[in-house]
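Visitor: I've got this model open and I'd like a close look at one part of it, the packing of one helix pair. Could you start there and then work outwards into the surroundings?

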Amino acid sequence: MGAFSKGRREIRLLARDPLLALLVVLLFVSLALFVAYPLISVLVKSLQSEEGGFSLANYGRFFTFRYLRSSLWNSLTVGFFTAACSVVIGYTTAFTMTRTSIPWKKALHLLFILPIISPPFTSALSILMLFGANGLITRGLLGIRNYNIYGFKGVILSQIFTFAPVAYLTLRGVLESLNPTLEDAAMNVGAGRMQTFTKVTLPLSLPGIASAFLVVLIESLADFGNPLVLAGSRFPMLSTQAYLEITGSFNLPLGAALAVVLLIPSITSFAIQRYYLQKRQYTTVTGKPTASSSKLVSRGARRCLFTFAAGFSGFVLLFYGTIFTGAFTKVWGYDFSPTFAHFTYAFSVGAGTIRDTLIVALCATPVSGLLGMLIAFLVVRTSFPGKGIMEFTSILNFAVPGTVIGIGYILAFNRPPLLLMGTLAILVLNFVFRYIPVGIQSGIAVLRQIDPSIEEAAQNLGADRITTFRKVTLPIIAPAFFSGLVFAFVRAMTAISAAIFLVSANWNLLTVQILNQVGSGRLGVAAAFSVILVVIVVAAMAVIARLVPGRTGGMAAIRIQED
């Protein structure tokens, strides 16, 4: 009865503000159409036979054929191994940056996060150029011919390089939030450095460590580019196998069934991370001074930690240096003569692709940023029936692998009245609803720290809620808005897993172009496209930083990816 009365009261409040009511209805329709409907379409299609009738045969094939079963096992094995290694690297580097006084901290931080703002399969390209059949290290330095980097080892190496920075950002935020005076207090009463770390610092970090593990696990399961380049035919993985069933075997029902199977561990990990671990946070904000004498790390340990951090940064430099060098090298592995031919080819043949990518990103970025802030405002500052459903649906796509979303959009929007395949609209809508969760979560976090009386004052002077949001709230939450813009633009420029299903002859993307060049063996051209893409992303982040008031800085905003 109480819930019913609350619902009636919320409906009456909406009725007093027709513009707000219309906005809520439009958002519900949009989320239902572009988030829920594609996912339901995947589930329905997976339960159809090739003739169109209801059938469980697709799931039967998954459990019958060893090749398909092994794709799930391979994906889970890679995911857990990647998550464990990434957390170890991420925690060590984060601890080094927050608990030691080492030189070049700013430069190291920028190097740590560089893989986040580049295409997710950049590491796969670097690994091919370093350890492939004509690799600089395998053939050039070690004299090993036709070394096989494909399979488990190649995918693991590329994913650790790609996702360890995500763990680093997550765990750096956790360690920065821990009051270092707690460690000093433990040492002042006689605890040793190792005892303080194992009894104070590490236990307080455990919720964040578990959260980082699950975030990386989700990212690994959803990864598409690295397995497509490096998994090989003998090491099938679910994300790529679903794609190959659709594009290679033209078996859409089986591809949908594989997508549903991939969805189960991803959603499970996301649910645990969101609803369980967030309740296991430890409070260390005491209101007392937080200055620390940094006694936790000895001089010898500091040297070891600095060496480790510098070593990981060295790998980043090696990987990106390889791509940069390869972009200016005539034939990688055979003829290292300098040339601009790859860039000439990229700008002549790929000029349209560069233009298309920029148009898609520029269309999706402001819509995604504003929509994220708007939903955050409605969730925190208003009451209406179904608010919890709106919040859950709006962030659902962030937990869903891109392969599943791409298949869902193919199924949902390939026939009238919603025939969007091959258009600019389907790419923009995909990126908007795929990445608004970042803006929503950052907006919610900021709004909950702002005194509602500021907005109430504007409403008392006659402003409606939409005007209050536009004139008062949005300027205050500019840093969160900026974070959402940066993330949306970076991902629109670098995403591949869903977009590869949605590109067409009319609209293509740089990431798909890079993959095509790798598949054709043109590693130099792929490297040139990668360099162009990274330069565009960094330049755009700098421009956004200048345009958005109250900004927090370009690279700092990318931390919002930690989910």
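**A helix pair and its surroundings**

Guide: Sure. In this predicted model, α4 and α12 pack with their axes 8 Å apart, at an angle of about 145 degrees. On the α4 side, the contact is made by Tyr-67, Leu-68, Ser-71, Leu-72 and Ser-75, and α12 brings Leu-238, Gln-241 and Glu-245 to it. Sort those residues by class and you get 4 nonpolar, 3 polar and 1 charged.

Now stay with α12 for a moment. Helix α12 spans residues 238–247, and 8 of its 10 residues are buried, so it is largely enclosed by the rest of the structure. The buried ones are Leu-238, Ser-239, Thr-240, Gln-241, Ala-242, Tyr-243, Glu-245 and Ile-246. Look back at the contact with α4 and you'll find Leu-238, Gln-241 and Glu-245 there, and those three appear among the buried residues of α12 too.

Next, follow α4 along the chain. Helix α4 covers 66–99, and the loop between α4 and α5 holds Trp-104. Trp-104 is worth a click: its phi is near 60 degrees, a positive value in a residue other than glycine. What about its surroundings, buried or exposed? Trp-104 has 63% relative accessibility, so it counts as exposed.

Past that loop you reach α5, residues 105–113, which has a packing partner of its own. The axes of α5 and α14 (residues 299–327) come within 9 Å and cross at roughly 50 degrees. That angle makes α5 oblique to α14, and the crossing is left-handed. From α5, the contact uses Leu-108, Leu-111 and Phe-112; from α14, it uses Phe-306, Ala-309, Ala-310, Phe-312, Ser-313, Val-316 and Leu-317. By class that contact has 9 nonpolar residues, 1 polar and no charged. Set that beside the contact of α4 with α12, where the classes are 4 nonpolar, 3 polar and 1 charged.

A little further along is α6, residues 122–131. Here 9 of the 10 residues are buried, so α6 is largely enclosed by the rest of the structure. Its buried residues are Thr-122, Ser-123, Ala-124, Leu-125, Ser-126, Ile-127, Leu-128, Met-129 and Leu-130.

Now for some individual residues elsewhere in the chain. Val-42 sits in helix α2, residues 18–46. With a relative accessible area of 1%, Val-42 is buried. Its contacts, leaving aside neighbours within four places in sequence, are Ala-256, Ala-259, Val-260, Val-404, Ile-407, Gly-408 and Leu-411. For a sense of the folding-back, take Val-42 and Gly-406: they are 364 residues apart in sequence, but their C-alpha atoms are 9.7 Å apart in space.

Then there's Asn-430, in helix α19 (residues 424–447). Asn-430 counts as buried, at 2% relative accessibility. Not counting residues up to four places away in sequence, Asn-430 touches Ile-405, Tyr-409, Ala-498 and Leu-502.

Ser-497 is a loop residue, placed between α22 (478–494) and α23 (499–502). At 10% relative accessibility, Ser-497 counts as buried despite its loop position. With neighbours within four places in sequence set aside, its contacts are Ala-222, Phe-224, Gly-402, Thr-403 and Arg-434.

If you're checking backbone geometry, go to Pro-416 as well. The peptide bond from Pro-416 to Pro-417 is cis, with omega near 5 degrees. Pro-417 itself lies in the loop between β3 (414–415) and β4 (418–419).

And the cysteines? The structure holds 0 disulfides. Cys-304 is exposed, with a relative accessible area of 56%, whereas Cys-363 is partly exposed at 32%.

Zooming out, the chain has 26 helices and 4 strands. Of its 563 residues, 55% count as buried. Take the contacts with a separation of 6 or more: residues 24 or more positions apart account for 79% of them. Back at the starting point, that leaves you with α4 and α12, their axes 8 Å apart, and with α12 largely enclosed by the rest of the structure.

Key:
Residues numbered from 1 in each chain as written. Predicted model: local features only at pLDDT ≥ 70, side-chain atom pairs only at ≥ 80, totals over all residues. Heavy atoms only, no water. Axes fitted to C-alpha atoms, helices over the stretch in contact; angles between N-to-C directions. Helix = DSSP H or I, 4+ residues; strand = E, 2+ residues; numbered from the N terminus. Parallel < 35°, antiparallel > 145°, perpendicular 65-115°, else oblique. Left-handed = near helix turned anticlockwise from the far one by under 90°. Contact = heavy atoms within 4.5 Å. Nonpolar A, V, L, I, M, F, W, Y, C, P; charged D, E, K, R; others polar. Disulfide = S-S within 2.5 Å. Buried < 20%, exposed > 50% of the residue type's maximum accessible area, 1.4 Å probe, protein only.
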